[in-house]
Amino acid sequence: MFGFCYILHIILYSLMYIIRNFWKTIGWAVFVLLLSAWSGDKINQVIALMPFPNVDKVAHFGMYFIFTFLMMHDLNHIKDRADRKSVV
């Protein structure tokens, strides 16, 4: 019983660590997932209002650029905190 509780504690602690340090990236990933699950008919109506061709390519580039930026920022933030803790 003690082993199970310890393993559960480690799993929950790890999950909270990930959520606490990557909440911006996780939130953006959920946003991209919701946009990806949106009906193609509705998206085509919105794209038809745009004045230039290949607007969907620009939108995909922007979404994944922001996703990559957030992931890099969160990873660097964790690295910076680890470096500060090791100096003390």
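**Before the views: what "exposed" means.** A residue is called exposed when its relative accessible area is over 50%, buried when that value is under 20%, and partly exposed in between. Keep those cut-offs handy, since they come up in several legends. One more thing to know at the start: this is a predicted model.

**Figure 1. The whole chain, with four helices and zero strands.** Following the sequence along, you meet the pattern α-α-α-α. The chain has 88 residues, and 10% of them count as buried. About 7500 Å² of the protein chain is exposed, with carbon and sulfur atoms supplying 75% of that area. How do the contacts spread along the sequence? Taking contacts between residues at least 6 apart in sequence, 80% join residues at least 24 apart.

**Figure 2. A close-up of aspartate 74 in helix α4.** Helix α4 covers residues 55-87, and aspartate 74 is found there. Is aspartate 74 buried or exposed? Its relative accessibility is 2%, so aspartate 74 counts as buried. Look around it and, once neighbours within four places in sequence are set aside, you'll find Asn21, Phe22, Lys24 and Thr25 in contact with aspartate 74. One of these, threonine 25, has a side chain joined to that of aspartate 74 by a polar contact of 2.6 Å.

**Figure 3. The one salt bridge in the structure.** Here lysine 24 pairs up with aspartate 74, and their closest N and O atoms are 3.5 Å apart. Lysine 24 sits in helix α2 (residues 23-37) while aspartate 74 sits in helix α4, so the bridge ties together parts that are 50 residues apart in sequence. The two partners don't share a label for accessibility: lysine 24 is partly exposed at 29%, whereas aspartate 74 is buried at 2%.

**Figure 4. A tilted aromatic pair in helix α2.** A search of the whole structure turns up two aromatic pairs. One of them brings together tryptophan 28 and phenylalanine 31, with 5.0 Å centre to centre and 40° between the planes, which makes the pair tilted. Tryptophan 28 and phenylalanine 31 are three residues apart in helix α2, so about one helical turn separates them. Phenylalanine 31 has a relative accessible area of 37%, so it is partly exposed.

**Figure 5. A stacked aromatic pair, phenylalanine 61 with phenylalanine 65.** The ring centres of phenylalanine 61 and phenylalanine 65 are 6.0 Å apart, and the planes meet at 20°, so this pair counts as stacked. Both residues belong to helix α4, where they are four residues apart, or about one turn of the helix. Are phenylalanine 61 and phenylalanine 65 buried or exposed? Both are exposed.

**Figure 6. A nonpolar patch on the surface.** This patch of about 1000 Å² is made by Phe4, Leu8, Leu12, Leu15, Met16, Tyr17, Ile18, Ile19, Ile26, Val30 and Leu34. Which elements give two or more residues to the nonpolar patch? They are α1 (2-21) and α2. Helix α1 gives the most, with eight residues.

**Figure 7. Zooming in on phenylalanine 4, one of the patch residues.** You'll find phenylalanine 4 in helix α1. Its relative accessible area is 55%, so phenylalanine 4 is exposed.

Conventions
Residues are numbered from 1 along each chain as its sequence is written. This is a predicted model: local features need pLDDT of at least 70, side-chain atom pairs count only at pLDDT 80 or more; totals for chains, interfaces and linings use all residues. Side-chain values use heavy atoms; hydrogens and water are left out. Buried means under 20% relative accessible area, exposed over 50%, partly exposed in between (1.4 Å probe, protein chains only). A polar contact is a pair of N or O atoms within 3.5 Å; within protein, one must be able to donate a hydrogen and the other to accept it, and residues adjacent in sequence count only if both atoms are side-chain atoms. Contact means heavy atoms within 4.5 Å. A salt bridge is a side-chain nitrogen of Lys or Arg within 4 Å of a carboxyl oxygen of Asp or Glu. Rings of Phe, Tyr and Trp (its six-membered ring) pair if their centres lie within 6.5 Å; planes under 30 degrees apart count as stacked, over 60 as edge-to-face and the rest as tilted. Accessible areas come from the Shrake-Rupley method with a 1.4 Å probe; for residues, only the protein chains shown count as cover. Patches are made of residues with over 30% relative accessible area and no salt bridge: like charges are joined within 9 Å, nonpolar side chains (Val, Leu, Ile, Met, Phe, Trp, Tyr) within 5 Å.
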